[in-house]
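Open the model in your viewer and keep the sequence panel beside it. Each stop below tells you what to select and what to look for.

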Amino acid sequence: TGTSLERYDAILIDEGQDFKQTWWDFLRDHVLVPGGEMLLVCDQAQDVYERGTWLDEMKGFGAWTELKESYRVPPDLLPFMRAMLSENNLGTQHLIPEVPVEKQLTLWPTTQLKWLNLKGATEIANSIKVEIEKMTGDDELAHTDITILCETHDLGREIFDSLNKIRRLTTTHIFVKNVNSPKNARKAAGVERQNRKKRFWGGAGGVKGCTVQSFKGWESRAIIYVSSGEFVASNAFIAISRVKGEFERPAVLTVINSCDEFAKYEKYFMQS
């Protein structure tokens, strides 16, 4: 357009596995000052859009600096996550996370784990109601601590329509049911989805709901992950890795699974 862009001494890029090389080249050539620095952070195990291959082919990066330890995920979940990585070739060419030394030397609280194999939206929604009551029953967890991650908007909306019938329970979610026709209805659904995403944030009140893909980069003390439909290993890995452990308070993770292929990982889950 002939308009000059403001340039910066440094450009920092998170979620680099979702980036494209053309975006990188544009920032380097038109936004970075000459001689400036660019930093890209990525996790190829979370490459759900399959864009990260350019990172292996990129010239001029030199050797990667690798973070070999997991500082957010509770240590007792790492065996399950290693199984997910190794059996599905998710980023295993780079590294599998280990427990930091400082966590090995402390008594880290045991994560509260539960795995349920269920089928049907109604049964799943009813089970989630029960789980929320259990999680908040001893006053250790507040509704704002709980995040429900789903594979699809349709299932997520059905779950939250059911939860919204509970008195004194507030919710915040991004789910919009898919609309196939007519054109105006699809457009309205798209606008609603964008508006919900803009309003969604980690500090919002009530129980939160999000798709797995849109929750990348976020974290929550209590996660209810609903795995349904076709098994996508990267989605499952992302959902599990969103659980944030704390030294003084145990994290909480419930997996509700309706996918036969994912069911085999229950044994690793319960060994954690």
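This tour goes stop by stop through strands, loops and a pocket of a predicted model.

**Stop 1: strands 1 and 2**

Select residues 8-13, which form strand 1, and residues 32-40, which form strand 2. The two run parallel and are joined by five bridges. Now click Y8. Across from Y8, in strand 2, stands L32. How does the chain get from strand 1 to strand 2? Add residues 21-30 to the selection: the path goes through helix 1. This β-α-β crossover is right-handed.

**Stop 2: the loop after strand 1**

Pick E15. This residue sits in the loop between strand 1 and helix 1. Check its backbone angles. Phi of E15 is near 55 degrees, which is a positive value in a residue other than glycine.

**Stop 3: the six-stranded sheet**

Show strands 3, 8, 7, 4, 6 and 5. They form an open sheet in the order 3-8-7-4-6-5, with parallel pairing. Which strands stand at the edges? They are strand 3 and strand 5. Each has a single partner strand, so one side of each is left without a neighbour in the sheet. Look along the sheet next. On average, neighbouring strands are turned by 15 degrees against each other, direction ignored.

**Stop 4: strand 4 and its partners**

Select strand 4, residues 146-150. One partner is strand 7, residues 222-227. Five bridges join this parallel pair. Click I146 and find A222 opposite, in strand 7. Strand 4 also pairs with strand 6, again in the parallel sense, over four bridges. Here C150 has T211 of strand 6 as its bridge partner.

**Stop 5: strand 6**

Stay with strand 6 and select residues 207-211. Is this strand mostly covered or mostly open? Mostly covered: five of its five residues are buried. Turn on the side chains. V207, G209 and T211 point one way, while K208 and C210 point the other way. Buried residues lie in both directions. Now add strand 5, residues 171-173. Strands 5 and 6 pair in the parallel sense over three bridges. T171 is the residue opposite V207.

**Stop 6: D145**

Select D145, in the loop between helix 5 and strand 4. Is D145 buried or exposed? Its relative accessible area is 17%, and buried means under 20%, so D145 counts as buried. Draw a distance from D145 to K208. In sequence they are 63 residues apart, yet their C-alpha atoms are 8.4 Å apart in space.

**Stop 7: L67**

Jump to L67. This residue lies in the loop between helix 2 (53-57) and helix 3 (78-88). With a relative accessible area of 59%, L67 is exposed. Draw another distance, this time to V41. L67 and V41 are 26 residues apart in sequence, and 10.0 Å apart from C-alpha to C-alpha.

**Stop 8: the second largest pocket**

Finish with a surface view. The second largest pocket has a volume of about 180 Å³. Which of its 13 lining residues are closest to the centre? Select Q112, K134, M135, L141 and V252. Then colour strand 3 (112-117), helix 5 (121-137) and strand 8 (252-257): these elements each give two or more residues to the lining. Colour the lining by class as well. You should find five nonpolar, two polar and six charged residues.

Note on methods: Residues numbered from 1 in each chain as written. Predicted model: local features only at pLDDT ≥ 70, side-chain atom pairs only at ≥ 80, totals over all residues. Heavy atoms only, no water. Pairing = 2+ DSSP bridges. Right-handed = clockwise from strand over helix to strand, strands pointing away. 1 Å grid on protein atoms, 1.4 Å probe; cavity = no way out; pocket = protein on both sides within 12 Å on 5 of 7 lines; lining within 4 Å. Points joined across faces, edges and corners; volume = space filled by probe spheres on them. Nonpolar A, V, L, I, M, F, W, Y, C, P; charged D, E, K, R; others polar. Buried < 20%, exposed > 50% of the residue type's maximum accessible area, 1.4 Å probe, protein only. Axes fitted to C-alpha atoms, helices over the stretch in contact; angles between N-to-C directions.
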